[in-house]
Amino acid sequence: MADSPSNPARRRFLTGAATAVGAVGVGFAAVPFLSSFQPSAKAQAAGAPVDVNIGKLAPGQMTTVAWRGKPVYLVHRTERMLETLTEVTDKLRDPDSSVSSQQPAFATNLYRARPSHERFLVIVGLCTHLGCAPTYRPEVAPDDLGDEWKGGFFCPCHGSKFDLSGRVYKGVPAPTNLEVPQYVYVSEQILRVGGTEEDVA
Ligand code: FES
């Protein structure tokens, strides 16, 4: 039966879900200032937007928040990280973000981010293969990922790779780019995951 706990695919998904919850826990622990912006657990479960103070997120750093029961990664990319995005184009399956379900229209660009705030990447931290939590791997050419690795996200379950805009590499199990959720800036410092332009109109 597809839903049986003994089913290998199902087991992998559950393992991934546990990993994702772990990643959220680490995010909260590493960046405690975020906690004051979280709505109640009940409101979060219902899908309430989550405000994040990105003012203290240093260049190169990532933090994680929970939104609608999913981990959402926020990365403050450096200038060099943004430069790598054009250096990996021919290795990517969907470099132009043509699969429209994977990002709001405003993020259909090289940075997969809101124009004028290109440095900040906001993505759902669930692999598009079977839902494990990809790890943030910003280092260049680490031993396990090879000389051509310029930074990005690596899924430990079956080896899918994504660049620093969450775009999937060719030849890996994940079929599509990581999802960019709806979000909006309510000020220069506060980013609202799940928020829309109507929130700031
Ligand atoms: S869940 Fe299979 S590669 Fe990520």
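**Strand pairing and the nonpolar core**

Thr 64 in strand S2 has Tyr 73 as its bridge partner in S3, where strands are DSSP runs of E with at least two residues, numbered from the N terminus. The model is a predicted one, in which local features need pLDDT of at least 70 and side-chain atom pairs count only at pLDDT 80 or more, while totals for chains, interfaces and linings use all residues. Residues are numbered from 1 along each chain as its sequence is written.

**S2 and S3**
- The two strands pair in the antiparallel sense over six bridges, pairing being assigned if DSSP finds at least two bridges between two strands.
- They form a hairpin with two residues between them, and Arg 68 in the turn has a positive phi of about 50°.
- Six of the six residues of S2 are buried, so S2 is largely enclosed by the rest of the structure; a residue is buried if 20 or more other C-beta atoms, placed from the backbone, lie within 10 Å of its own.
- Met 62, Thr 64 and Ala 66 point one way from S2, whereas Thr 63, Val 65 and Trp 67 point the other way.

**Nonpolar core**
- The largest nonpolar core (buried Ala, Val, Leu, Ile, Met, Phe, Trp, Tyr and Cys residues joined through C-beta atoms within 7 Å) has 38 residues, of which Val 72, Leu 74, Val 122 and Val 193 touch the most other members.
- Strands S1, S2, S3, S4, S8 and S9 each supply at least two residues of this core.

**Open sheet**
- An open sheet of three strands has the order S1-S9-S8 with antiparallel pairing, and its edge strands, S1 and S8, each pair on one side only.
- S1 and S9 pair over four bridges, and Asn 53 has Ile 190 in S9 as its bridge partner.

Conventions:
Buried ≥ 20, exposed ≤ 12 C-beta atoms within 10 Å, placed from the backbone.
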